Amino acid sequence: VEIKNMNSFSAISRAIDYEISRQILLYKESQADQIVQETRLWDESSQKTFTMRKKEGLADYRYFPEPDLPEVVLTGEYIDEIRNLMPELPEAKRRRYENIGLSMQDVIFLANDDKVAHFFDSTLEHGTDAKLAANWIMGDITAYLKDEKLSIDESKLTPLELSEMIAYIKNGTISGKIAKEIVVDLIAKGGTVKSVIEEKDLVQIADPAAIEAMVDQVLTDNPKQLEQYRAGKTKLQGYFAGQVMKASKGKASPVLLNKILGEKLKGSC
């Protein structure tokens, strides 16, 4: 089609975009026969084109083959080959992340940066829980990188070690709090989770007897707070838990600590 009544470059752009959309829609609705050779008028107020006059044939438009440009024939096989060489497109990546159970906030954050998406995908290749991996990448890792003005591919933390760290948290070897310390070390210096744990003696205390002894000592050392707890100030349980964590240098298992502390406080009332 030929379009008239365009008085600016922006009008030309809008008219072409509209005409492309109009013709695609007609094809999709099986009305391709309505796409005819004609002159159309661009209406700025409605942002649409309208039929001005139809032409009888090619001669009216003075079409002729361009002798210096050979015909371009794209076979289905060639198109498939190009498609297979293309990287995963953003929309496909977002759909894939949605299908593994991530929230839209997670999806948008991870898919928005190719380097972050690659790091996340590489972490999942080691069998890591997708949500936990996303939480660490979007939380502590991104916060540290932002402060240091680094991109994730400049970090010395590897996807393998992130997956190892998450595994250590899940099996109770380290707590989430200890992991926050470890991940900073790994980003800045590299190495392995295991070596950092051994070097800094960060193995979580999961021995009930050892935790019970620390709880008893904290309750003995804080008689005033214990009396206040018995008088109804139950929020002091958090204070006692904090004192035990301090005594254990953050290594006491939070689950065991809260269980044992709760039983002790309940028995003291």
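Visitor: Over residues 118-265, what percentage of the chain is helix?

Guide: This is a predicted model. According to UniProt, in an unreviewed entry, residues 118-265 carry the feature "domain: Asn/Gln amidotransferase". The C-alpha atoms at the two ends of this stretch are 48 Å apart. Strand accounts for 0% of the stretch, and helix for 72%.

Visitor: Are α8 and α10 parallel, perpendicular or oblique to each other?

Guide: Two packed helices are described by the angle between their axes and by the distance between those axes. For helix α8 (residues 159-170) and helix α10 (residues 193-200), the axes are 9 Å apart and the angle is about 55°. Angles of 65 to 115 degrees count as roughly perpendicular and those under 35 degrees as roughly parallel. The angle falls in neither range, and α8 and α10 are therefore oblique.

Visitor: In the contact of α8 with α10, how many residues are nonpolar?

Guide: From α8, the residues E161, E164, M165 and Y168 take part, and they meet V193, K194 and I197 of α10. Divided by character, these residues include three charged and no polar ones, and the number of nonpolar residues is four.

Visitor: Which strands are the edge strands of the open sheet?

Guide: The sheet has three strands with mixed pairing, in the order β1-β2-β3. An edge strand here pairs on one side only. This applies to β1 (2-4) and β3 (48-54).

Visitor: In which sense do β2 and β3 pair, parallel or antiparallel?

Guide: Strands of a sheet pair through backbone hydrogen bonds, in either a parallel or an antiparallel sense. β1 and strand β2 (residues 38-43) pair in the parallel sense over three bridges, with T39 in β2 as the bridge partner of E2. Between β2 and β3 there are six bridges, and T49 in β3 is the bridge partner of W42. The sense of pairing of β2 and β3 is antiparallel.

Visitor: Which residue in the turn of the hairpin has a positive phi?

Guide: The hairpin is formed by β2 and β3, with four residues between them. A positive phi of about 60° in this turn belongs to Q47.

Visitor: At what angle to β2 does helix α1 run?

Guide: Helix α1 (residues 9-28) lies across β1, β2 and β3. Its direction relative to β2 is given by an angle of about 125°.

Visitor: How far apart do the C-alpha centres of domain 1 and domain 3 lie?

Guide: The protein is divided into domain 1 (2-54), domain 2 (90-200) and domain 3 (208-266). Between the C-alpha centres of domain 1 and domain 3, the distance is 76 Å.

Key:
Residues are numbered from 1 along each chain as its sequence is written. This is a predicted model: local features need pLDDT of at least 70, side-chain atom pairs count only at pLDDT 80 or more; totals for chains, interfaces and linings use all residues. Side-chain values use heavy atoms; hydrogens and water are left out. UniProt positions are given in the numbering used here, feature names are shortened, and annotations may be inferred rather than shown by experiment. Axes are lines fitted to C-alpha atoms, for helices over the stretch in contact, and angles run from 0 to 180 degrees between N-to-C directions. Angles under 35 degrees count as roughly parallel, over 145 as roughly antiparallel, 65 to 115 as roughly perpendicular and the rest as oblique. Contact means heavy atoms within 4.5 Å. Ala, Val, Leu, Ile, Met, Phe, Trp, Tyr, Cys and Pro count as nonpolar, Asp, Glu, Lys and Arg as charged, and the others, Gly among them, as polar. Two strands pair if DSSP finds at least two bridges between them. Domain bounds come from an automatic or database domain assignment.
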